[in-house]
Amino acid sequence: MRILFLGDVVGRSGRDAVVERLPGLRREVAADLVVLNAENASHGFGLAPDMARAFLEAGADVLTLGNHAWDRKEIIPYIEGEPRLIRPMNYPPGTPGRGATVVEVPGGRRALVLQVMGRLFMEPLDDPFRAAQAELARHSLGARGSVQAVVVDIHAEATSEKLGFGHSFDGRVSLIAGTHTHVPTADHQVLEGGTAFVSDAGMCGDYDSVIGMGKAGASIRFWRKVPAERLSPAEGQATLCGVLVETDDATGLALRIGPLRLGGRLSQVMPGF
């Protein structure tokens, strides 16, 4: 199975790039499953229902959220009725939506996609490790299992927490991809137990910015510790950032992982397989 994971979509620039390029990109890399983090799509803060629909129509199979999940209140009724949109599963009980979903993949296969949010330097949510452990206990991975692929989006600030999570669940999932920090890391690898891992997939947005936000407004906050105007996304040409993973049909574990950077200012790279 080929799994394309794209990092946080930021603002109009990122939205337009994803909607325009994802249909062709999906065909080019022969992706069977596309997962997209969309929590910054609406002016950098949250996701609106019409944007979610546009991403799904463009070829995303599952959309994930994060700490900005509820910045657009109209997403609350939408997420209740759209199983392809998930939020971190370690939000407290009673939070709208779901933290995991199973989708059909070509060839009669099924894939589990789940999301957790880290706690270091972030909100003090429930334990993401135990939340993932409980969900994974309900599924078996492999050709004869209940699912043939498992993808985890860990939305977290600290690379140490992401790496600790990766090694904890190595050999039990196909891919663990970090999101939230918006900068693509170069540590993409297949861990010892067969799980593909990257600390951060990067963002789909304008990199002539401060993690997707306009340079002037974002930078001045580090000079003056006083309230400032609301940040606005940069609107230059976006780079699509993510990873492509190929799994073993028998085990559901990863054979290889490669980075993807397409368009915009960053050096361009496509997976070499």
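The following exercises, each with a worked solution, concern a predicted model of a protein.

**Exercise 1. Overall form**

Determine how many helices and strands the protein has, and decide how its radius of gyration compares with the globule rule.

*Solution.*
Step 1. The secondary structure consists of six helices and 14 strands.
Step 2. The radius of gyration is 17 Å, and the globule rule gives 19 Å for 273 residues.
Step 3. These two values are close, so the protein is as compact as a globular protein of that length.
Step 4. The C-alpha trace spans about 55 × 40 × 35 Å along the principal axes.

**Exercise 2. Burial and contacts**

State what share of the residues is buried, and what share of the contacts between residues at least 6 apart in sequence joins residues at least 24 apart.

*Solution.*
Step 1. A residue counts as buried if its relative accessible area is under 20%.
Step 2. Of the 273 residues, 58% are buried.
Step 3. Of the contacts between residues at least 6 apart in sequence, 62% join residues at least 24 apart.
Step 4. The accessible surface comes to about 11300 Å², and carbon and sulfur atoms account for 52% of this area.

**Exercise 3. The buried side of helix H5**

Identify the buried residues of helix H5 (residues 159-168), and explain why they lie on the same side of H5.

*Solution.*
Step 1. The buried residues in H5 are Glu161, Lys162, Phe165 and Gly166.
Step 2. Around the axis they cover an arc of only 135°, and therefore they lie on the same side of H5.
Step 3. The buried residues of H5 pack against helix H4 (128-136) and against four strands: S7 (109-117), S8 (149-155), S9 (175-179) and S11 (196-198).
Step 4. Phe165 also belongs to an aromatic cluster, together with Phe129 and Phe169.

**Exercise 4. Aromatic rings**

Classify the aromatic pair of Trp70 and Tyr91 as stacked, tilted or edge-to-face, and find which arginines lie over the rings of Phe45 and Phe273.

*Solution.*
Step 1. The structure holds three aromatic pairs. One of them is formed by Trp70 and Tyr91, with 6.0 Å from centre to centre and 50° between the planes.
Step 2. Planes under 30 degrees apart count as stacked and those over 60 as edge-to-face, so the pair is tilted.
Step 3. Trp70 lies in the loop between strand S4 (62-64) and helix H3 (75-81), and Tyr91 in the loop between strands S5 (85-86) and S6 (100-105), so the pair ties together parts that are 21 residues apart in sequence.
Step 4. Both Trp70 and Tyr91 are buried.
Step 5. Arg230 lies over the face of Phe45, 4.3 Å from the ring centre. The charged end of Arg256 is placed over the ring of Phe273, at 5.7 Å from its centre.

Note on methods
Residues numbered from 1 in each chain as written. Predicted model: local features only at pLDDT ≥ 70, side-chain atom pairs only at ≥ 80, totals over all residues. Heavy atoms only, no water. Buried < 20%, exposed > 50% of the residue type's maximum accessible area, 1.4 Å probe, protein only. Helix = DSSP H or I, 4+ residues; strand = E, 2+ residues; numbered from the N terminus. Arc of directions from axis to C-beta. Contact = heavy atoms within 4.5 Å. Phe/Tyr/Trp six-rings, centres within 6.5 Å; stacked < 30°, edge-to-face > 60°. Lys NZ or Arg CZ within 6 Å of the ring centre and 35° of its normal. Rg over C-alpha atoms; globule rule 2.2 N^0.38 Å. Areas by Shrake-Rupley, 256 points an atom, 1.4 Å probe, with all protein chains shown as cover.
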